[in-house]
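Visitor: I would like a short tour of the charged pairs. Could you show me the model?

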Amino acid sequence: MKSLSRIFVVLIILNLMIGTFALAGEKSKAEEQTFTISGLVGLPGVVMQGLPGNPVTDKNGNYSVAIEHGWSGTVMPVKEGYAFDPPSRSYSQVTATQTSQDFNANVITFIISGSVGQEGVTMIGLPDEVVSDSDGSYRTTIQYRWSGTVEPQKEGFIFTPPAKTYSPVRKDQTNQNYISKPIMLNISDVIAPDGSPIPGVQVSANNGGGSTFTDAQGRYSVPVPYGWSGEITPIKEGYEFDPPSYSYTNVTTDIIDGRPVPPGIRQMSAYRWPAVQAARPTQWRTDRQKVLVIPVTDVNAADVDEITQDLRVMAHIFDGKFTERRQIAGVFTDFGDFFGRDNRKTEAIYIQDYGVLFLMEVNFAFSPQPQPQQKEDKEPQEQADSTWQQAQRELFSPARPTGTKGFDSQEGYDAQMVEELKRELIRTLKHAANIRNLKADEWVILNVTGTGQRPLGGYGSFEGGSYGGGGYSYGGGYYSGGGSFGSSSGYSGGYGGGGGGFGYGMGGMGGGMDGSTMESASSTVLTIRAKKSDIDAFAKGDMDFEEFQKKVIILMY
């Protein structure tokens, strides 16, 4: 019995030992197994941090990686500029393959927001169309690392700063504010009835416009906001104005002399407001000196306004020299009466980068009339243009004027008066120092045309177009040595009403006409010119009259 018991115990022990060895073998086999974790992220190049080897998603956004039996860890997808949902996945003692371990990718966005102070401002440069709301605020979202320049825009306003630039954005951008300011425009003009400026007139614009007073030249400039509509009214004690005010609607550009001034339009218009002094007659002339400004480059409208107004003032001063009474050789004389000035106004032309030309006319010859030369018979031209010849006769053979001095007579010529006139006009040039925006190297030229009767030798032909240099005419003209506008031959009769030249109603430039066969109303011309720098020195007292006179170029032909 004891033997059987021992055998039974041994068998039990052996059975237990065999079972233990079998279990150990099965466990070792299970631990050698591997599993897979896989899924979809939706983006290529996403690093799956936490998985063995930190695998990267393929071009379709998929990933798959093998893990060992019982693996534990946390998986987090990472790519710059993106956030993922869920942000991570955790695993503990993995004993089976894990599929469909997906993540949703979202682009990271930031906020740009602020205020521009005005409703309806378009924020140019942002990815989407962004317009400020009723309280002037704006808000938009931009993607991670967005960069660009944002510029607020609204018609009639300027903004400070004008723009904001952003480098790659990595956080919210709040309080991106701008200060808005209405664009102010200017309405300017001159109040000077009959060429006489009225200073101290209060000129006001209603509906948010400004107010100012005319200066010594009668000039004013009133600021108004962009898009302004309203009335401008002049007021001064002792004066009444007709009309009492001027109305404007939706002003969107500067206005000079009552006219809008878009780029390229530089010519001034007629006077406004013929001011009437209460104690004086109500009929006032409103014509004024004609002024033409010819820019050769883009110019500022305000500068054009200033130089135009100053040219009017200078022209008015020249006109005044023919109304002042002065004593010459013991006799009080009026230049206007002697030279036959009548009521004609001095005109002015300014050519940028060359100078200003003042044009005057008198009914007086500046040199004795030459004896008529006997005309040579010329062979008739074939196929003569009868229309052209008729036009020549109409233009250059007008009826003789009556009641004027200096026509067809040596008696009308007075050398002493001419010399006194030249000296007076040279002295008057000092006032040209006040002309604004005239450069030191530009010319001030006064051209006085005296009409009379003399045979004309001929008319040159205008062949060039520059503004420098001199000119000469064939047969009956002059040589200027650089004293006139134009760098080629032939302004017939110079500048002015009796011959060629240019300006308002003063004929044309040459024309290739042969006038040797006709009698014509001739013109004698007095030209005085000086550099602006010399005029400034004379006006300041750095140069006396005799020194200045030597600098002045005087031509008479």
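Visitor: Which residue forms a salt bridge with E424?

Guide: This is a predicted model, where local features need pLDDT of at least 70, side-chain atom pairs count only at pLDDT 80 or more, and totals for chains, interfaces and linings use all residues. Residues are numbered from 1 along each chain as its sequence is written, and side-chain values use heavy atoms, without hydrogens and water. A salt bridge puts a side-chain nitrogen of Lys or Arg within 4 Å of a carboxyl oxygen of Asp or Glu. The closest N and O atoms here are 3.6 Å apart, and the partner of E424 is R427.

Visitor: Is E424 buried or partly exposed?

Guide: Buried means under 20% relative accessible area, exposed over 50%, partly exposed in between (1.4 Å probe, protein chains only). R427, at 30%, is partly exposed. E424 has 12% relative accessibility, so E424 counts as buried.

Visitor: Which parts does the R436 and D310 pair tie together?

Guide: The closest N and O atoms of R436 and D310 are 2.8 Å apart. Helices (H or I, at least four residues) and strands (E, at least two) are DSSP runs, numbered from the N terminus. The two residues are 126 apart in sequence, so the pair ties helix α2 (residues 301-320), home of D310, to the loop between α5 (415-428) and β30 (443-455), home of R436.

Visitor: Which helix holds both K532 and D536?

Guide: Their side chains meet in a salt bridge at 3.0 Å, N to O. K532 is buried, at 5% relative accessibility. The two residues lie 4 apart, about one turn, in helix α6.
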